[in-house]
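Q: Got a two-person look at a structure here. Can we go through it together, a bit at a time?

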Amino acid sequence: VSRQLLAAAILAAALVLVAALPDYRARVLVAAVLAGIMASATDLPTGVGGVPLFGAAFPFGIGAYAAGVLASDGNHLSAAFAAAVVIAVGIWFPLTLVAFRLRVTPLQFGLITLLLSIAVEQVIMATPGAVGGSNGLSGIRPAMAFGRSLWPILGCGLGMLGLLFWIRGSEFGLLLRATRDEPIRAEALGYDIPSIRSCAVAIAALFGCFAGVLSASVTGVAYPAMFGLTSNLIVLVWVALGRPGTIVGPLITTVVYRIVQTELGSRFQNHYLFVLGLTIVVSSLWLRGRDRADNATVP
Amino acid sequence: MPNEIGTVVTFILDILVSAGGIFLVASGLVVVYGWARLINMAHGDLVMVGAYTCVIAVDSGFPYWLSTLLAAALVGLVLLAGHLAVFKRMPQEGMSTLLATWGLGLMLTEGVRLLYGPGGRFVDPPVTGLVTFPGGVLPAYQVALFGVAVVLAGVAVFVTTRTRLGLRVRAVVERPDAAAMSGLNPGRQRSALVLMGGGLAGLAGAVIAPMAPVTPYLGPVYSTTAFSIVLMSGTRVGVMPIMAALFLGTTRVATQTFLSPSIAAIATLVLSIVAIIAVQGRLSRP
């Protein structure tokens with residue numbers, strides 16, 4: 001309950017801040033919360049289910065591009081949602097199911113999702129037409145469905161977070177934890193581990209898509225690097241630093257990171273990524289104690 | 001008819017050269033991740049550092065071949081230092097290891113960019129001219145690169161399957177507990193493999209440097225290729241990485257020959273993922 005209250009408090013604070021802050025900063029905050037929702041959704045298979053989703057930014061990017069291609073004028077948001085879900089879930093669910101049926105390990109599966117995302121980045125960069133090539137898409141207008149207001153978007157974020165908490169606490173969440181902690185026993189009890197993991201990955205993709213569509217509507221851009229190595233692995237940093245399996249932890253670390261990145265990144269643009277790399281190496285030493293390496297290699 | 005034969009010969013030569021380059025780029029990761037079980041997300045960045053080392057050494061007046069050795073030594077030592085200082089303390093294949101190696105990769109990319117700028121650097125190939133085959137022609141350096149890959153692959157297969165050193169490597173890779181009980185020191189063996197894998201990454205960077213402009217942002221491209229090969233070949237010591245490189249080389253050349261660039265990229269991706277899942281699924285079976 002305390003975690004849920006914390007999450008609600010963060011989003012309530014965001015609602016108040018959105019009203020108080022100037023437009024640019026309010027958009028930065030809302031985009032940070034939406035990225036946080038993506039990280040929280042990634043936490044479901046990664047932290048709760050023990051399937052490290054290295055390609056976590058893939059559905060988010062698909063969502064952003066769907067908004068850029070189908071809803072760039074602020075209309076047809078539902079079409080963008082539908083297309084993004086069909087593409088991202090339509091790719092990830094069968095991929096996960098087949099991979100785990102063939103007993104690919106979670107770590108290898110995670111790497112496959114990362115390769116997929118990076119390859120999509122390269123495909124987009126080589127396709128200058130509808131998806132804008134290496135320049136990406138810009139000028140995506142705010143969603144008309146929300147009256148161009150940021151509050152309904154934050155409300156959607158609150159709803160998605162509530163759903164994630166509900167899923168985590170449900171019988172499905174319990175099963176997901178069982179597949180992480182005791183996969184052999186869970187299998188012996190008759191549970192279909194590939195199906196459970198596939199559903200968790202599909203849920204993460206679904207929420208990632210929604211967050212991506214909304215994010216593009218807020219920031220107005222979609223670009224190939226959204227599928228790149230950095231965009232994907234930084235989500236794992238947020239999940240790892242936020243304590244995997246808590247859902248709210250990744251949200252907090254993401255929001256804090258994105259705001260710090262915006263504030264300091266522009267001032268120290270030249271050295272920002274070097275410092276980030278150093279910070280990640282040092283943080284990893286601290287994270288190793290809670291590393292779920294055993295779960296990353298179980299069948 | 002001669003034209004058709006020429007087309008087929010050129011097609012096959014392109015596949016062999018492409019597979020050779022892919023094998024070179026992936027060989028370091030095969031050793032570091034496939035054998036030493038260090039999930040090295042900085043692999044592509046290490047290849048890039050190897051390429052830069054070679055370019056800078058040649059610009060400073062060193063002969064090309066000495067620059068290649070310098071690149072291999074420097075990159076091997078960088079990865080070994082990272083392993084001894086940080087990665088060794090972490091669980092094998094854990095998320096913290098993955099993030100730490102990625103952090104190292106970011107530092108390398110940005111460090112090179114801060115030192116030498118984002119623009120491309122060039123180095124002239126040590127071998128110039130064309131080599132004529134019955135029905136086809138190739139730049140001499142591409143033939144040399146393929147030769148290096150063949151020698152490297154031959155040495156790797158011979159050492160791992162026919163020598164005592166290879167037996168030790170296989171013991172540590174496949175049965176680390178049993179290897180430790182037999183008196184081997186898996187930790188020391190892993191460090192040696194990490195040094196060797198880093199050296200191979202540096203060597204690959206130096207060897208492919210004359211093929212294209214060298215920029216700080218090449219890392220992810222090399223990493224993607226190398227991880228595809230490692231995932232296709234698994235941890236098995238022997239010919240699997242060579243087969244995987246041939247498969248990926250064939251897929252790339254065939255799709256680029258017959259399809260548009262975007263479709264070719266998607267087709268290569270789909271075929272690679274299918275191959276990875278199929279091979280891993282097969283290898284994972286008891």
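A: Here is a quick chat about the contacts, strands and side chains in this predicted model.

Q: Any ground rules before we start?
A: It's a predicted model, so local features need pLDDT of at least 70 and side-chain atom pairs count only at pLDDT 80 or more, while totals for chains, interfaces and linings use all residues. Residues are numbered from 1 along each chain as its sequence is written, chains are lettered from A and ligands numbered from 1 in the order in which they are written, and side-chain values use heavy atoms, with hydrogens and water left out.

Q: Okay, chains A and B: how many residues are in contact between them?
A: 47 residues of chain A are in contact with 42 residues of chain B, contact being heavy atoms within 4.5 Å.

Q: And what area is buried there?
A: About 3,900 Å², with carbon and sulfur atoms giving 79% of that. Buried area here is the accessible area (1.4 Å probe) that two parts lose on being put together, summed over both.

Q: How many salt bridges between chain A and chain B?
A: Zero. The rule is a side-chain nitrogen of Lys or Arg within 4 Å of a carboxyl oxygen of Asp or Glu.

Q: And how many over all chains?
A: Seven salt bridges. One of them joins A:Arg101 and A:Asp192, at 2.9 Å from N to O. That pair links distant parts of the chain: A:Arg101 is in helix H4 and A:Asp192 is in the loop between H8 (183–188) and H9, 91 residues apart. Helices are DSSP runs of H or I with at least four residues, strands are runs of E with at least two, and both are numbered from the N terminus.

Q: Are those two side chains buried or exposed?
A: In between: A:Arg101 is partly exposed at 48% relative accessibility, and A:Asp192 is partly exposed at 31%. The scale is buried under 20% relative accessible area, exposed over 50% and partly exposed in between (1.4 Å probe, protein chains only).

Q: Which side chains in chain B make a salt bridge?
A: B:Asp59 and B:Arg121 are one such pair, at 3.2 Å from N to O. B:Asp59 lies in helix H2 (residues 43–59) and B:Arg121 in the loop between helix H4 (95–116) and S1 of chain B, so the pair ties together parts 62 residues apart in sequence. B:Arg121 counts as partly exposed, at 23% relative accessibility.

Q: Switching to rings. How many aromatic pairs are there?
A: Eleven over all chains. Rings of Phe, Tyr and Trp (its six-membered ring) pair if their centres lie within 6.5 Å; planes under 30 degrees apart count as stacked, over 60 as edge-to-face and the rest as tilted. B:Tyr33 and B:Phe227 form a tilted pair, 5.9 Å centre to centre with 50° between the planes. B:Tyr33 sits in helix H1 (residues 2–35) of chain B and B:Phe227 in helix H9 (residues 219–233) of chain B, 194 residues apart. B:Tyr33 and B:Phe227 are both buried.

Q: How are the rings of B:Tyr64 and B:Tyr141 arranged?
A: Their centres are 6.5 Å apart and their planes at 85°, so the pair is edge-to-face. B:Tyr64 and B:Tyr141 are both buried.

Q: What lies over the face of B:Tyr33?
A: B:Arg37, at 5.2 Å from the ring centre. To count, NZ of Lys or CZ of Arg must be within 6 Å of the ring centre and within 35 degrees of the ring normal. In chain A, the charged end of A:Arg197 sits over the ring of A:Phe100, 5.0 Å from its centre.

Q: Now strands. How do S1 and S2 of chain B pair?
A: S1 (residues 130–133) and S2 of chain B are antiparallel over four bridges; pairing needs DSSP to find at least two bridges between the strands. B:Phe133 stands opposite B:Gly136. In the hairpin, two residues lie between the strands, and B:Gly135 takes a positive phi near 95°.

Q: Which side chains of S2 point to the buried face?
A: B:Gly136 and B:Leu138 are buried on one face, while B:Val137 and B:Pro139 point to the other and are not buried.

Q: Which residue other than glycine has a positive phi?
A: A:Ile247 is one of them, with phi of about 65°. A:Ile247 lies in the loop between helix H10 (229–241) and helix H11 (248–265) of chain A, and it is buried, at 0% relative accessible area.

Q: Last one: what does A:Ala99 touch?
A: Leaving aside neighbours within four places in sequence, A:Ala99 contacts A:Val104, A:Phe109 and B:Ile277. A:Ala99 is in helix H4 (residues 77–101) of chain A and counts as buried, at 0% relative accessibility.
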